[in-house]
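Q: I have a protein model open and would like to learn how to read its features one by one. Could you take me through it?

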Amino acid sequence: MNDLTAIPCVLMRGGTSKGPFFLASDLPAAADQRDQILLSIMGSGHPLQIDGIGGGNPVTSKVAIVGPATVPGADVDYLFAQVRVDQQIVDTSPNCGNMLAAVGPFAIEAGLVPVRGDTTLVRIHNVNTGKLIEAEVPTPNGGVSYLGEAAIDGVPGRAAPIALTFMDAAGARTGQLFPTGKPIDLIDGVAVTCIDCAMPMILIEAVSIGTTGLESAAELNADKELLERLEKLRIAAGERMGLGDVRNQVTPKPVLISHPKTGGDISVRYFMPHQCHPSLATTGAVGIATACISQDTVASLLIGRQAPPVVLSIEHPSGHLDVKLYERDSKVVAGILRTARRLFEGHVLAKPVTQLGCAA
């Protein structure tokens, strides 16, 4: 018995990300109160998030909020929150495809979706973007299975496969695949592709800004001059994409692209946006692959335009991520294999909203 607020919570790994999962009904409905609670829970404003359960890195400072569907054709709503590590900022503008991998299992075990045979299809409405994603969750013997033989680069060991299908991911934030109206823009003398597909991004050929694009994430994170230049390009791209001043937003994400070196189709370094991702965001992979099949983008000009149906292997610092692009109902959809794991369940303790500068 104490003066903190106990909130039901499940800690889950989704793909190469990790964070707490909540039922929407267990958090305040008002966005300002909800965000203050999340900042308290994660411990943001400190590089180690020492006073919370965040992991001190953007890939471990993420939150998923799940509830009953509010749109036709979906089973559940999923709101993603990127909680900044070093600043007390909650950004709900983007989706996260890695955390998305755990939404289906969480929804089933929370009683939001019934088991439907050996594999249960969960239709997920991403509240951030308004887009629909299908997740195929293994449910043999009437329950979610986390154990299996699937492996994804960036996560040790093996687990049960979860197939994600992104339905019509173009224009996730802006309503347009190319928000500037063209596949290539010149920003500060650099040719870039501003693309909005699952995630708003700015694609940059690495050699055009004086790097190979094959460096490790640690090497890129230590290059302060490079990070400053990427941020300058990102801010300018955000304005051109109609996103406004993006200094306190995590989108658009800068992505360095280069020729493959380990048998893939293209090599990438994806930024979140101020640190290089240790592997690759699932939503980022969807957008990059889409750029590879689109006419005259920096990606398709670099490796040659690809044509669906096609499986594109994207090299990243931890290995490869494969994206399958094919047509369904006259639209190109993207399929990606991910895994997930339920790590901890119980209650997380937060300061009451009255102690966080919020009205109760």
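Q: What classes of residue line the second largest cavity?
A: Five nonpolar, two polar and one charged residues make up that lining. Keep in mind as we go that this is a predicted model.

Q: Which residues are they, and what is the volume of the second largest cavity?
A: The lining consists of N95, T129, K131, I133, F166, A169, A172 and A198. The volume of this second largest cavity is about 50 Å³.

Q: How many cavities of 30 Å³ or more are there?
A: The count is two. The largest cavity holds about 70 Å³ of space.

Q: Which residues lie nearest the centre of the largest cavity, and what classes line it?
A: Its lining has 13 residues, and K62, Q82, C96, K253 and A281 lie nearest the centre. By class, the lining of the largest cavity splits into six nonpolar, five polar and two charged residues.

Q: Let's turn to helices. How do I read the pattern of buried residues along one?
A: Start with the general idea: an α-helix has 3.6 residues a turn, so residues three or four places apart point the same way. Now look at helix α4, where the buried residues are L226, L227, L230, E231, L233, R234, I235, A237 and G238.

Q: What do the buried residues of α4 pack against?
A: They pack against four strands and a helix that you can find one at a time: β9 (185-187), β10 (190-197), β11 (199-205), α3 (217-221) and β12 (253-258).

Q: How far does α4 reach from its first C-alpha to its last?
A: Helix α4 covers residues 224-240, which is 17 residues, and reaches 25 Å. That is close to the 24 Å expected at 1.5 Å a residue. Just after α4 you will find G242, with a positive phi of about 80 degrees.

Q: Which residues other than glycine have a positive phi, and what is the usual case?
A: Most residues other than glycine have a negative phi, and most peptide bonds are trans. One residue to look at here is D188, whose phi is near 55 degrees. D188 sits in the loop between β9 and β10. S330 also has a positive phi, near 65 degrees, and belongs to the loop between β15 (319-328) and β16 (331-338).

Q: Are D188 and S330 buried or exposed?
A: D188 is partly exposed, because its relative accessible area is 45%. S330 has a relative accessible area of 74%, so S330 is exposed.

Q: Where can I find cis peptide bonds?
A: One joins T251 and P252, with omega about 0 degrees. P252 is in the loop between α4 and β12. A cis bond also joins P308 and P309, where omega is about 5 degrees. P309 is in the loop between α6 (298-303) and β14.

Q: Let's move on to strand β14. Why does S313 count as buried?
A: Anything under 20% relative accessible area is called buried. S313 has 13% relative accessibility, so S313 counts as buried. S313 lies in β14, which runs over residues 310-316.

Q: Which side chain makes a polar contact with the side chain of S313?
A: The side chain of H320 does, at 2.8 Å. Leaving out residues up to four places away in sequence, S313 touches G264, D265, I266, H320, L321 and D322.

Q: Why does V310 count as buried?
A: V310 counts as buried because its relative accessibility is 16%. V310 is in strand β14 too, and beyond its neighbours within four places in sequence, V310 is in contact with I293, V323, K324 and L325. Try finding C9 as well: C9 and V310 are 301 residues apart along the chain, and their C-alpha atoms are separated by 39 Å.

Q: Is N98 buried or exposed?
A: N98 is buried, because its relative accessible area is 1%. You will find N98 in helix α2, residues 97-109.

Q: What does N98 touch?
A: Setting aside residues up to four places away in sequence, N98 touches G14, G15, T16, S17, H277, L280, A281, T282 and R338. With R338 there is also a polar contact between the two side chains, at 2.9 Å.

Notes
Residues numbered from 1 in each chain as written. Heavy atoms only, no water. 1 Å grid on protein atoms, 1.4 Å probe; cavity = no way out; pocket = protein on both sides within 12 Å on 5 of 7 lines; lining within 4 Å. Points joined across faces, edges and corners; volume = space filled by probe spheres on them. Nonpolar A, V, L, I, M, F, W, Y, C, P; charged D, E, K, R; others polar. Helix = DSSP H or I, 4+ residues; strand = E, 2+ residues; numbered from the N terminus. Expected span 1.5 Å × (residues − 1). Buried < 20%, exposed > 50% of the residue type's maximum accessible area, 1.4 Å probe, protein only. Contact = heavy atoms within 4.5 Å. Polar contact = N/O pair within 3.5 Å; in protein donor to acceptor, adjacent residues only side chain to side chain.
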